[in-house]
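Look at the structure below and find its helices. The paragraphs that follow go through some pairs of them, one after another.

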Amino acid sequence: MQAQVREWFERRTSGLADWSPTQVLAAKNAADVTVSVVLPALNEEATVGAIVEAIGRELVERTPLVDELLVIDSGSTDRTAERAFAAGARVVPRDDVLPRIPSVPGKGEVLWRSLLVSTGDLVVFVDADLERFRPEIVVGLLGPLLADPDVALVKGLYDRPLTNGGSVLPAGGGRVTELVARPLLNLHWPELAGVVQPLAGEYAARRELLEQLPFPCGYGVEIALLVDTLALRGLDAIAQVDLGSRHHRHQDDAALGRMAAQIWQAASARFGRSVPGRAHPAPPATLTQFTRIDGEIEVATHDVTGRERPPVMTLPEYRAHRAVLDARTRTA
């Protein structure tokens, strides 16, 4: 590890025990900022309600750290929206946000649209498929943002247990991270080699950072936000918090392959931006995969086009939204 990265790692890495709810709430009040927690959700009826209930009980009612709890439903066909609403979240269908631009499938698409309907100065993203969720995750992610105005993006880090049949392996659940994201960062953005979980779905950021960044529509969003924050603000604007273990359902290898392809798309789009003058060919927009069915090899081709949305600040609708938020701040 480079000396610069090691120094960053030691200074910008903390744990949940470093951030008590009382301490973080006091820092929030002193900074006079608001907090939105956003859950992107697609068919997560089994877990979304418990996450919303825990945040509402502990961080809205008991310790008023969260001002807005928002679930963006990405076209669920189960009872995700119903469960989230019953648990106390404000639920917004993805397609109701910025309807003049037709939505496309993908996690990044949902996160991008959430900026047009959320209100917090600080935005915490939490995946809706987490099992054994602990609300102190939100507290920990907010801690570095509220303790240091130079920090703009806080990534969660954690162990990824892997369920294998009837056994649970203590690690091994982060296959795309280890096989794709980490080699990419070490090769092309070595300053980010100290980020333990670059693809973490649990992270927090300042709105004024997020509104300046483009969002890949798919699974490339996390690596893109990390790389683009480095380019815009520098390594010292990034911090990470050890959240312990993350339990969630795992995808099969074919789904992980499609995820990896989208991450390559997002990274490839940034190669030339980070090193001026360096050309890099655009990767293919499709991924061909194979399965054996009844003894025959079946071929499936999937669209993994690296679509990106522009920074929301370029949209007139968002500028109007931001003007309303700023007006509320002035009159508060």
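In which crossing, left-handed or right-handed, does H7 pass H9? H7 passes H9 in a right-handed crossing. Keep in mind that the model is predicted. Two packed helices are described by the angle between their axes and the distance between the axes. Helix H7 covers residues 175-188 and helix H9 covers residues 221-233; they pack at an angle of about 15°, and their axes are 12 Å apart. Angles under 35 degrees count as roughly parallel, so H7 is roughly parallel to H9. On the H7 side, the contact is made by Ala181, Leu184 and Leu185. On the H9 side, Ile223, Leu226 and Val227 make the contact. Sorted by class, the residues in this contact of H7 with H9 are six nonpolar, no polar and no charged.

The next pair is H3 and H4. Helix H3 (residues 48-62) and helix H4 (residues 80-87) have axes that come within 8 Å and cross at roughly 20°. The cut-off of 35 degrees applies here too, so H3 is roughly parallel to H4. The crossing of H3 and H4 is right-handed. From H3, the residues Val48, Gly49, Val52 and Glu53 meet Thr80, Arg83, Ala84 and Ala87 of H4. By class, the contact of H3 with H4 has four nonpolar, two polar and two charged residues. Glu53 of H3 and Arg83 of H4 are the charged ones, while Gly49 and Thr80 count as polar.

Now turn to H2 and H6. The axes of helix H2 (residues 21-31) and helix H6 (residues 136-147) come within 10 Å, and they cross at roughly 45°. An angle of this kind is neither under 35 degrees nor in the range 65 to 115, which makes H2 oblique to H6. H2 passes H6 in a left-handed crossing. In H2, the residues in the contact are Pro21, Val24, Ala27, Lys28 and Ala31. They meet Val139, Leu142, Gly143 and Leu146 in H6. The classes here are seven nonpolar, one polar and one charged residues. Lys28 is the charged residue, and Gly143 is the polar one.

Last come the aromatic rings. How many aromatic pairs does a search of the whole structure find? The search finds two. A ring can also have a charge over it: Lys155 lies over the face of Tyr203, at 4.4 Å from the ring centre.

Definitions and conventions
Residues numbered from 1 in each chain as written. Predicted model: local features only at pLDDT ≥ 70, side-chain atom pairs only at ≥ 80, totals over all residues. Heavy atoms only, no water. Axes fitted to C-alpha atoms, helices over the stretch in contact; angles between N-to-C directions. Helix = DSSP H or I, 4+ residues; strand = E, 2+ residues; numbered from the N terminus. Parallel < 35°, antiparallel > 145°, perpendicular 65-115°, else oblique. Left-handed = near helix turned anticlockwise from the far one by under 90°. Contact = heavy atoms within 4.5 Å. Phe/Tyr/Trp six-rings, centres within 6.5 Å; stacked < 30°, edge-to-face > 60°. Lys NZ or Arg CZ within 6 Å of the ring centre and 35° of its normal.
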